[in-house]
Amino acid sequence: MDYKLMVMCVCVAIGVCEEVEPEYTVPGVGIEGNDTSSTTPKGFNAFFDNPMDFFLFMDEVKTVSMSYRLVCDRVAEKVQLTFRSQDPDRFFVVSPDRVLISCENATETFVSMENTSITTTPISSLSPMADQLYELVQSDKIRLHLSAVLLGRRNLVITVRRSSPDNNSISDDGNTDQLLFPFVINRKMSKLDLAFRIIVYFFLIFITLAFGCKLDLKVVKESVKKPIAVSVGLGCQYLVMPLLGYAVAKLVASDQPSVALGIFLAGCCPGGGASNIYSHLLDGDLSLSITMTLISTITAIGFLPLWMYTLGQEFLQDGNKKLDVPFFNIFTTLLLLIIPLLVGIGVQYKLPKVKRFILKIVTPVTIVAIILLLSVGIYSNLFIFKLFNPNVILAGCLLPYFGYVIGGIIAFILRQPWVKIKTIAIETGMQNTSVAFIILLYAFPPPDGQLAAVAPAASAVMTPLPLFVITIIFVIYKKCNPEKYQKVTQKDEEAKELELEINGNITPESLEKARVSNI
């Protein structure tokens, strides 16, 4: 079970520790005033001199330069600009929070209307012509100091208030216009983060390799011979869970596209994690659990991109920004998980000495990994917990808990034995969210991938809680009722022996056992 514990720790580490260097592309909303998502105030235009000004890094104060052009109605007119962040928890304006612009020093310029283009020329250098008008223009630069707090995408809101034409005073109750400028907050990667990423990759590949070395294909073969339970389990994993993830995302996080994407992708993941451990502890069908984990992991390379291509498209639109599905990156990421598994199976049968060595060092590697993941990793990435909110936690509960219930109900309706019902329920609700972590963090650009990975992180934390409680109750029950439990166990073992005899060779003795067992 050591390698399973290691997988759980790696999943947590990937969810809270991995970083990606940002791709510096201009945000989806235009950088000039007349390109923003709001209506540009008449006669006022603002833009930032450097497109890189739109990118901030956590825990830094950045100075950005904003140029503006104001067309004044009169010399005595005044305009007040107020600067604030759409979400101060992501970034906030240090100074100035407001600027007063006076038109007393405005420059008279000619506006050429030729070919519907507008050009301005100082009035002193050109005499008036028939096809020209003049206007009062005030232009300058404003230096803003912005402090980034937490990664994400938020707007800088600029409120424009003009003075009253009657008394040239500015009232808070007067008409206002707004400009929205999108800013992206990322996190700089330190040398410690880079080193830790390499370690996490190494451990993840090693543990997947160890799983392949320990996998018993004879057990898988026996389970595949009776494909009903396996088919029911796979149907729950790749039909029920994606649809459930879609419903939870729409219900809980419809206003947070990144989080909704993470919830949906978590619902499309294969089974895994600690499902085999809980199937064993709760006396489920361990052979079926291992078989479902193996098959669902391999078939994820087809099902997961298929769901992302269909229903997943709905979660890629965020306002004016649309993410493209990086199918190639998803495909290669899944291969990184599947190839070590297949290599481990090959090592098990072709290189027995290497297999024994790998299984021998699983325990010390697990101990080292737990120390690293729970100390350095979490300490350097505590910011991820600030992204948890009630909706994220609720989604992290609804997805696996409904998965347990629906998977068990479907298995019961299809008349599966109780031992298989438990296993299918566990495999349905407990999914390998590390797949969602890796895809979101490495296939999607930051900070969108990091924001979306919060949902699988919450699901990974909340998923095992009910099973943990049920396991404690079940263990106590067995301790308090040893005789009753022993009788049940013996009856199950006799039933298995009878099934093997009938499947292998129909004899009068086996038929008599079947008759007696049905009485």
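This note comments, point by point, on selected features of a predicted model.

1. Overall composition. The protein chain of this predicted model contains 18 helices and 13 strands. Buried residues account for 49% of its 519 residues. Sequence separation is also informative: of the contacts between residues at least 6 apart in sequence, 78% join residues at least 24 apart. The points below concern helices α5, α8, α9 and α13, beginning with a residue of α8.

2. The setting of Q348. Helix α8 spans residues 327–350, and Q348 belongs to it. Is Q348 buried or exposed? Its relative accessible area is 13%; because this value is under the 20% limit, Q348 counts as buried. Beyond its neighbours within four places in sequence, Q348 is in contact with G212, C213, K214, L215, D216 and K355.

3. Polar contacts of Q348. Which backbone oxygen does the side chain of Q348 reach at 3.0 Å? That oxygen belongs to G212. A polar atom of the Q348 side chain also lies 3.3 Å from the backbone oxygen of C213. Both G212 and C213 appear in the list of residues that Q348 contacts.

4. Helix α8 against helix α9. Helix α9 covers residues 352–360, and its axis comes within 6 Å of that of α8, the two crossing at roughly 120°. Why is this pair described as oblique? An angle of roughly 120° lies outside the ranges for roughly parallel, roughly perpendicular and roughly antiparallel, so α8 is oblique to α9. The crossing of α8 past α9 is left-handed.

5. Residues joining α8 and α9. On the α8 side the contact involves V347, Q348 and K350, while P352, V354 and K355 take part from α9. By class, this contact has three nonpolar, one polar and two charged residues. Q348 thus appears again, and K355 of α9 is one of the residues listed among its contacts.

6. Helix α8 against helix α13. Helix α13 runs over residues 433–443; its axis and that of α8 come within 10 Å and cross at roughly 135°. This angle, too, falls outside the other three ranges, so α8 is oblique to α13. The handedness of the crossing between α8 and α13 is right-handed.

7. Residues joining α8 and α13. Which residues of α8 meet α13? They are N329, I330, T333, L334 and L337, and their partners in α13 are V435, I438, I439, Y442 and A443. Sorted by class, the residues of this contact comprise eight nonpolar, two polar and no charged. As general background, an α-helix has 3.6 residues a turn, so residues three or four places apart point the same way.

8. Burial of α13. How many of the eleven residues of α13 are buried? Ten are, and the helix is therefore mostly covered. The buried residues are T433, S434, V435, A436, F437, I438, I439, L440, L441 and A443. Among them are V435, I438, I439 and A443, which also take part in the contact with α8.

9. The setting of I263. Helix α5 comprises residues 257–267 and includes I263. The relative accessible area of I263 is 3%, which is under 20%, so the residue is buried. I263 and G245 are 18 residues apart in sequence, yet their C-alpha atoms are 5.9 Å apart in space. Not counting residues up to four places away in sequence, I263 touches G245, V248, A249, A253, A395, L399 and A455.

Notes. Residues numbered from 1 in each chain as written. Predicted model: local features only at pLDDT ≥ 70, side-chain atom pairs only at ≥ 80, totals over all residues. Heavy atoms only, no water. Helix = DSSP H or I, 4+ residues; strand = E, 2+ residues; numbered from the N terminus. Buried < 20%, exposed > 50% of the residue type's maximum accessible area, 1.4 Å probe, protein only. Polar contact = N/O pair within 3.5 Å; in protein donor to acceptor, adjacent residues only side chain to side chain. Contact = heavy atoms within 4.5 Å. Axes fitted to C-alpha atoms, helices over the stretch in contact; angles between N-to-C directions. Parallel < 35°, antiparallel > 145°, perpendicular 65-115°, else oblique. Left-handed = near helix turned anticlockwise from the far one by under 90°. Nonpolar A, V, L, I, M, F, W, Y, C, P; charged D, E, K, R; others polar.
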